[in-house]
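Reader: I've got a model open and some questions about it. Can you walk me through them, with the reasoning first and the answer at the end?

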Amino acid sequence: IELQELYKMYESVSNEEAQPVYEKWLKDCQEIVEPDSDDVIAASRLAVAIQELVQRYNADGIAIACFTLLKELGTTSCLALSMLNDSENYIGACEGDLDSAVTLLMMKALTNTPSWMANPMIEKGNVLKLSHCSAPLIMAGKSCSYKLRSHHESGIGVSPQVSLPERMPVTITRIGNDVSSISINIGVTTDTIYTPTCRTQLRIKLDSMTDFIENLLGCHQIVTYGNHLKQVSHVAKLLGLKILN
């Protein structure tokens, strides 16, 4: 689907139509840091347009070219993707990452819970730090507190800074190699030490950082709360995917 189709839908969404989404994000927000009300309403209008686009094509989700959109519309899709991943039936991946979109869809179908797509950073002591600007608000079966921030890289638009649950098991997955392999890693979330990078951040203690690095199938990783190693391995075998762990 060409971005221009989404742009036309965005332009047709009025502030009034976006008001319920706008109010939803402001209702439980702890703090609005950089954005103003115009920024939030613009991101809410885009969320409505993306939802309508997904429904128009009877799609399971979207992998959107968000940096192109950000430059051309002057707003962000972070709120829209967060809402898709929080929903019961849809998923949303950013940066046009189809591998992550497929992985998000598989993990939602398998666990019936939202997952989070994030960038990995390696720290000492087998600690993996993950960060991104489009986290869902429901993780580990409960609503998380959040602030509204600007998009980290550009400083524009609106992104949620979500406080994700600590000291809980997580499963980190990614399908790759032309949908022939899947990496699976199990870890435990630790304390969150905030640094100047993408808005939502999470640190995870892994058993082996070496295994994680050797089995990487791409940058973005998909984080799902809970230890789902057995279930994911079973599904991977049914789908003919090579398991890397």
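Reader: Which residue does the side chain of arginine 199 meet in a salt bridge?

Author: This is a predicted model, where local features need pLDDT of at least 70 and side-chain atom pairs count only at pLDDT 80 or more, while totals for chains, interfaces and linings use all residues. Residues are numbered from 1 along each chain as its sequence is written, and side-chain values use heavy atoms, with hydrogens and water left out. A salt bridge here is a side-chain nitrogen of Lys or Arg within 4 Å of a carboxyl oxygen of Asp or Glu. At 3.8 Å, N to O, the partner of arginine 199 is glutamate 34.

Reader: How many residues apart are arginine 199 and glutamate 34?

Author: Arginine 199 sits in the loop between β10 and β11, and glutamate 34 in the loop between α2 (15–27) and α3; helices (H or I, at least four residues) and strands (E, at least two) are DSSP runs, numbered from the N terminus. So the pair links distant parts of the chain, with a separation of 165 residues.

Reader: Is arginine 199 buried or exposed?

Author: The scale is relative accessible area: buried is under 20%, exposed over 50%, and partly exposed in between (1.4 Å probe, protein chains only). Its partner glutamate 34, at 39%, is partly exposed. Arginine 199 has just 8%, so it is buried.

Reader: Which residues are linked with Arg199 in a network of salt bridges?

Author: One member is already familiar from the pair with arginine 199, namely glutamate 34. The network also takes in another arginine, so Arg199 is linked with Glu34 and Arg149.

Reader: What does arginine 203 pair with in strand β3?

Author: Arginine 203 is in strand β11, and its partner is 80 residues apart from it. Arginine 203 counts as buried at 12% relative accessibility, while the partner counts as partly exposed at 28%. With the closest N and O atoms 2.9 Å apart, the partner is glutamate 123.

Reader: Which aspartate also meets arginine 203 in a salt bridge?

Author: This partner lies in the loop between β10 and β11, so the pair ties together parts that are 12 residues apart in sequence. The partner is partly exposed, at 32% relative accessible area. The N to O distance is 2.9 Å, and the residue is aspartate 191.

Reader: Which helices do the buried residues of α1 pack against?

Author: Those buried residues are Leu3, Leu6, Tyr7, Met9 and Tyr10. Seen down the axis, they fall within an arc of 165 degrees (taken from the directions from the helix axis to the C-beta atoms), so they line one face of the helix. The face turned away carries the exposed Lys8, Glu11 and Ser12. Counting contacts as heavy atoms within 4.5 Å, the buried side packs against α3 (37–56) and α4 (66–73).

Reader: Which residues does threonine 197 contact, leaving aside neighbours within four places in sequence?

Author: Threonine 197 lies in the loop between β10 (181–189) and β11 (200–206). Its relative accessible area is 15%, so threonine 197 is buried. Its contacts are Met121, Ser131 and His152.

Reader: And which residues does histidine 228 touch, not counting those up to four places away in sequence?

Author: Histidine 228 is in the loop between β12 (221–225) and α8 (229–239). At 14% relative accessibility, histidine 228 counts as buried. The residues touched are Thr111, Thr171 and Ile186.
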